[in-house]
Amino acid sequence: MTDLRSPLVRAGVLEPGGRWRNWGRSESASPAVIARATEVDEVIETVAFARDRGLTVKPIGAGHSFTAIAATDGVQLDISAIDGVLAVDGNLVTLGAGTNLYQLPALLEPLGLALANMGDIDRQTIAGATSTGTHGTGSAFGGLATQIRAATLVTADGGVLRVSADENPELLPAVALGLGALGVLVDVTIECVPAFLLHALEKPEAIDAVLADWGDRIAASDHFEFYVWPHTDTVLTKTNTRLPIDGERDPLGGFQRWFDDDFMANGVYRATLNLGRLIPPIIPPLNRLSVRLTGDRQFTDVSPKVFTTHRSVRFKEMEYALPVEHVPAAVERIRQLIADRGWRISFPIEVRASAADDLWLSTASGRATGYIAVHRYFRDDPAEYFEGVEAIMREFDGRPHWGKMHNRTAADLAPAYPRFADFVAVRDRLDPDRLLANPYLSRVLGL
Ligand SMILES: Cc1cc2nc3c(=O)[nH]c(=O)nc-3n(C[C@H](O)[C@H](O)[C@H](O)COP(=O)(O)OP(=O)(O)OC[C@H]3O[C@@H](n4cnc5c(N)ncnc54)[C@H](O)[C@@H]3O)c2cc1C
């Protein structure tokens with residue numbers, strides 16, 4: 001039993017731990033202690049509490065990583081109460097690091113601002129999302145971490161480290177995408193853009209044409225992505241075009257949004273997934289039906305409402321980043337693998353693009369990137385499928401998303417990242433005793 005005698009218990013910051021599970025139900029853990037910090041001093045005291053008792057500390061976001069990157073048997077530190085806008089300087093907005101992405105529209109719209117790009121959902125915290133390299137799509141846009149201009153961390157020694165253009169600027173390419181290994185982020189400053197509308201065009205198309213035009217399609221669109229439905233020759237393409245905020249809106253009606261995104265994409269889809277588990281041979285016809293029912297619509301709305309959707313069907317996911325030009329060949333290899341092995345795969349394969357960046361552990365570090373994500377229903381064992389796809393991704397020099405399932409280790413990740421050793425050196429300096437470590441970080445960064 002952990003000795004919980006501490007003024008922090010009386011202050012309501014610390015409580016005995018319990019069972020924790022991530023969103024995808026791929027990981028669970030039993031933290032000894034849960035800390036809920038509402039201010040920076042409580043983060044500092046929690047770090048001291050853990051250090052004094054020989055426990056590790058793991059800041060937790062929304063638990064939406066599929067890997068065990070956020071798992072701990074030490075102190076699970078929740079900073080969701082450190083949220084909201086702390087300062088605004090033009091387009092630079094400083095947010096409490098525990099702010100959830102879904103809070104941003106209400107916080108940024110009054111300022112006339114928005115995030116430049118977003119991923120599929122908005123449940124994550126800003127700290128959790130940036131720490132794992134969360135990204136959306138758009139060949140001219142980087143992931144969330146590329147928009148971070150400054151951050152404040154509580155480090156393992158209890159110190160407060162400011163990283164910005166003026167203070168410790170050399171650390172920003174590590175801290176902006178730090179895997180939760182360098183300290184506890186308490187605030188981040190994001191470079192936002194003027195608020196904008198997005199016109200969304202979603203439609204089914206022939207896979208051969210989309211793969212043949214991949215390079216042109218991503219160059220010609222602001223935000224292009226597609227979903228490959230296994231066992232069909234059709235993909236669902238999504239093309240989002242940026243428009244001025246004062247343009248005409250044509251949002252999905254309340255009923256249509258509910259019907260398309262909740263009833264069809266989540267409710268009916270969950271039922272078909274369960275049916276497919278019982279009778280696998282019906283998965284191919286169900287996929288053909290799904291692609292017919294889910295595509296073909298257009299609408300225009302404020303950017304967060306178009307970038308993100310609601311996901312209530314749980315799944316497990318692996319995503320690899322590869323040089324963008326290899327995407328068509330890699331997609332073909334995965335389709336061939338599924339056919340050769342006779343697997344029945346109900347979930348679509350998601351394909352996206354992003355610009356190269358210069359963050360040390362970004363999956364897009366130094367190269368224009370294509371992303372290929374594979375999914376399985378959370379009740380299914382993904383191991384065989386994911387391992388098969390991972391072998392293909394390795395041939396294409398792929399880098400795994402830090403927050404999505406994979407089997408890579410520090411030994412084979414180091415050659416994939418030119419600045420890997422620099423990141424490890426910063427970790428050695430900021431956390432020499434590995435107060436912030438957990439088994440996942442030891443696996444991917446080394447002990
Ligand atoms: C349904 C779903 C859809 C998704 N869509 C996308 C997508 O479109 N694009 C994409 O790239 N990813 C996507 N992801 C992955 C997700 O964005 C990442 O795994 C992200 O890290 C989750 O954020 P979180 O707040 O849940 O962080 P957690 O998973 O709780 O934590 C992730 C890491 O951040 C660290 N961390 C959290 N808070 C702090 C802090 N204050 N200081 C320092 N470190 C901290 C944790 O220690 C851990 O290392 C998706 C995941 C799900 C479940």
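In this predicted model, strand 10 and strand 11 pair in the antiparallel sense, with 4 bridges between them. Ala151 sits opposite Val163 of strand 11. The two strands make a hairpin with 5 residues in between, and Gly158 of that hairpin takes a positive phi near 85°. Strand 10 also pairs with strand 12, again antiparallel, this time over 6 bridges; here Ala150 has Thr189 in strand 12 as its bridge partner. Of the 7 residues of strand 10, 6 are buried, so the strand is largely enclosed by the rest of the structure.

Zooming out, these strands belong to an open sheet of 5 strands, ordered 7-8-12-10-11 and paired antiparallel. Strand 7 (85–89) and strand 11 (160–163) are the edge strands, each pairing on one side only. From one strand to the next, the twist averages 15°. At the strand 7 end, pairing with strand 8 (residues 92–96) is antiparallel and runs over 4 bridges, with Val88 opposite Val93 in strand 8. As for what covers the sheet, helix 2 (residues 40–53) lies across strand 10 (148–154), strand 11 and strand 12 (184–191), and runs at about 50° to strand 10.

Strand 11 also turns up in the surroundings of helix 14. The buried residues of helix 14 (residues 420–430) are Phe420, Phe423, Val424, Val426, Arg427 and Leu430. Looking down the axis of helix 14, these residues fall within an arc of 155°, so they line one face of the helix. That buried set packs against strand 11, helix 5 (172–175), helix 13 (410–413) and helix 15 (439–445). Over on the other side of helix 14, Ala421 and Arg429 are exposed.

Next come the nonpolar cores. In soluble globular proteins, nonpolar side chains tend to be buried together. The largest nonpolar core here has 87 residues, and the members that touch the most others are Val43, Leu179, Ile190, Leu361, Trp402 and Leu445. Ile190 is a handy one to follow: leaving out residues up to four places away in sequence, it touches Asn91, Leu92, Val93, Leu95, Leu115, Ile126, Leu144, Gln147 and Ile148. Apart from this core lies another one, of 41 residues, including Val331, Trp343, Phe347 and Phe378.

There is also an open sheet of 8 strands, in the order 17-14-16-15-19-20-18-21, with antiparallel pairing. Strand 17 (297–302) and strand 21 (399–400) stand at the edges with a single partner strand each, so one side of each has no neighbour in the sheet. Within this sheet, strand 14 (residues 196–206) and strand 16 (residues 234–244) pair in the antiparallel sense over 11 bridges. Leu197 has Leu243 of strand 16 as its bridge partner. Helix 11 (residues 327–341) lies across strand 15 (223–228), strand 18 (315–323), strand 19 (349–354) and strand 20 (369–377), running at about 20° to strand 20.

Ile349 gives a residue-level view of that sheet, since its place is in strand 19. Ile349 is buried, with a relative accessible area of 1%. Although Ile349 and Val228 are 121 residues apart along the chain, their C-alpha atoms are separated by 4.9 Å. Not counting residues up to four places away in sequence, Ile349 touches Phe226, Tyr227, Val228, Pro230, Ile334, Ile338, Ile372, Ala373, Val374 and Tyr385.

A polar residue worth a look is His135, which is in the loop between helix 4 (126–131) and strand 10. Despite the loop setting, His135 is buried: its relative accessible area is 5%, against a cut-off of under 20%. The His135 side chain makes a polar contact with the side chain of Glu319, at 2.8 Å. Neighbours within four places in sequence aside, His135 is in contact with Gly119, Gly143, Glu319, Arg352, Tyr371 and His401.

Definitions and conventions. Residues are numbered from 1 along each chain as its sequence is written. This is a predicted model: local features need pLDDT of at least 70, side-chain atom pairs count only at pLDDT 80 or more; totals for chains, interfaces and linings use all residues. Side-chain values use heavy atoms; hydrogens and water are left out. Two strands pair if DSSP finds at least two bridges between them. Axes are lines fitted to C-alpha atoms, for helices over the stretch in contact, and angles run from 0 to 180 degrees between N-to-C directions. Contact means heavy atoms within 4.5 Å. Buried means under 20% relative accessible area, exposed over 50%, partly exposed in between (1.4 Å probe, protein chains only). A polar contact is a pair of N or O atoms within 3.5 Å; within protein, one must be able to donate a hydrogen and the other to accept it, and residues adjacent in sequence count only if both atoms are side-chain atoms. The arc is that of the directions from the helix axis to the C-beta atoms. A nonpolar core is a set of buried Ala, Val, Leu, Ile, Met, Phe, Trp, Tyr and Cys residues joined through side-chain atoms within 4.5 Å.
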